[in-house]
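Student: I'd like a close look at one part of this model, with a sense of what surrounds it. Could you walk me through it step by step?

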Amino acid sequence: PLVSMKEMLIHAKENHYAVGQFNINNLEFTQAILQAAQEENSPVILGVSEGAARYMGGFKLIVTMVKELMETYKVTVPVAIHLDHGPSLEMCVQAIHAGFTSVMFDGSHYPLEKNIELTKRVVEVAHAVGVSVEAELGRIGGQEDDLSVEDADAMYAIPAECDQLVRETGVDCFAPALGSVHGPYKGEPRLGFDRMKEVKELTGVPLVLHGGTGIPTKDIQKAISLGTAKINVNTESQISATKAVRDALSAKPKEYDPRKFLGPAREAIKDTVKGKMREFGSSGKA
Ligand code: G3H
Ligand code: ZN
């Protein structure tokens, strides 16, 4: 069924695994991720950025597409449709209105008080209709769609501020920026595990790890042991999809039927997502 992230993430935190948020970019991504979740018997969060929503034709089309596919595939595992890095209260409201079951309000570029004030308003609207909310503090580096943060501007979240934001807003889960990066890492990721532990102890809510692409398994396991219950992955699925397209086209340079290279891309995404579900421990938890 289509559900919010709330129960999924509480269960994940209590049982020491993480639910993957896999971003969708088109029909094939959506098909692949839903099939992977059902075959792995895993809960799943479909992440939709504002840019991806615009590319696909808007929030309503996405909700309709997801619902239809869930029916076609007889999906029984819990699925959340989640606005990723929602840039404004208005955008969050639009997503909720279209049927999204979860939203992230990303006020991380605002001063703390302003971030809290806006997040609180998103929570009021969302909780009134059973939609879950994620917030962010600090700044996650790297690039994803329209969102780009220079290395020099990337910032680690401050635990006392995280505590204040979570307490005053009532968010369901929380993403403290602790050194993770959107897109490929330059060298080994250096995650702030000491702060993660502090944030876990202070806030008590399930934590979210953005920039899940390229984080070694030992760090994934450590993050989960320190309260991380949701891990976002986008780039890794994109890389495997695009590699499959390149391989298919270079094997048959005269190919012109899109299904002949998008089909393999879909299979590649599915394999990647299944691998992540096993790594995060969400397989078999639906
Ligand atoms: O919000 C989405 C994620 O944080 C994706 O990060 O593209 O590095 O996997 P990634
Ligand atoms: Zn992110």
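**From a small sheet to the annotated site**

Tutor: Let's begin with strand β6 (residues 141-144), which pairs with β9 in the parallel sense through 2 bridges. Please keep in mind that this is a predicted model. Within that pairing, Gly141 stands opposite Val181 of β9. The two strands belong to an open sheet of 3 strands, ordered β7-β6-β9, in which the pairing is mixed. Its edges are formed by β7 (147-149) and β9 (181-182), each of which pairs on one side only.

Now let's step back along the chain to strand β5, which covers residues 132-137 and contains Glu136. Strand β5 runs parallel to β4, and 4 bridges connect the two. One facing pair here is Phe105 and Ala135, the latter in β5. Between these strands the chain passes through α6, and the β-α-β crossover from β4 to β5 is right-handed.

On to the other partner of β4. Strand β3 (residues 79-86) and β4 are parallel too, joined by 3 bridges. Here Gly86 has Phe105 as its bridge partner in β4. Together with helix α5 (residues 89-98), β3 and β4 form a right-handed β-α-β unit.

What about the two faces of β4? In a regular strand, side chains alternate between the two faces of the sheet. In β4, Ser102 and Met104 lie on one side, Val103 and Phe105 lie on the other, and all of them are buried. Both faces of this strand are therefore covered.

That brings us to the part I would look at most closely. An unreviewed UniProt entry carries the annotation "binding site" for Asp106 and Glu136. These residues span 31 positions in sequence, yet their C-alpha atoms are no more than 5.6 Å apart, so they gather at one spot. Asp106 sits in the loop that links β4 (102-105) to α6 (112-128). Asp106 counts as buried because it has 28 C-beta neighbours inside 10 Å. Setting aside residues within four places in sequence, the contacts of Asp106 are His85, Gly86, Pro87 and Glu136.

Glu136 is buried as well, with 25 other C-beta atoms within 10 Å. Beyond four places in sequence, Glu136 touches Asp106, Ser108, Ala175 and Ala177. In other words, each annotated residue appears in the contact list of its partner.

To place this in the wider fold, look at the largest nonpolar core, which has 80 residues. Its members that touch the most others are Ile33, Val44, Leu46, Val103, Cys173 and Phe174. You have already met Val103, on one face of β4. Helix α11 (residues 259-280) gives the core its largest share, with 7 residues. The contacts of Ile33 that lie beyond four places in sequence are Phe22, Ile24, Val44, Leu46, Ile269 and Val273.

Helix α11 itself has 22 residues and spans 31 Å from first to last C-alpha, close to the expected 32 Å. Among its buried residues are Phe261, Ala265, Ala268, Ile269, Thr272 and Val273. An α-helix has 3.6 residues a turn, so residues three or four places apart point the same way. The buried residues of α11 pack against β1 (19-23), α2 (27-40), α9 (217-225), β11 (228-233) and α10 (235-251). Just after the helix, Gly281 has a positive phi of about 85°.

Conventions
Residues are numbered from 1 along each chain as its sequence is written. Chains are lettered from A and ligands numbered from 1 in the order in which they are written. This is a predicted model: local features need pLDDT of at least 70, side-chain atom pairs count only at pLDDT 80 or more; totals for chains, interfaces and linings use all residues. UniProt positions are given in the numbering used here, feature names are shortened, and annotations may be inferred rather than shown by experiment. A residue is buried if 20 or more other C-beta atoms lie within 10 Å of its own, exposed if 12 or fewer, and partly exposed in between; C-beta atoms are placed from the backbone. Two residues are in contact if their C-beta atoms, placed from the backbone, lie within 7 Å. Two strands pair if DSSP finds at least two bridges between them. A nonpolar core is a set of buried Ala, Val, Leu, Ile, Met, Phe, Trp, Tyr and Cys residues joined through C-beta atoms within 7 Å. The expected span of a helix is 1.5 Å times one less than its number of residues. A crossover is right-handed if, with the strands pointing away from the viewer, the path from the first strand over the helix to the second runs clockwise.
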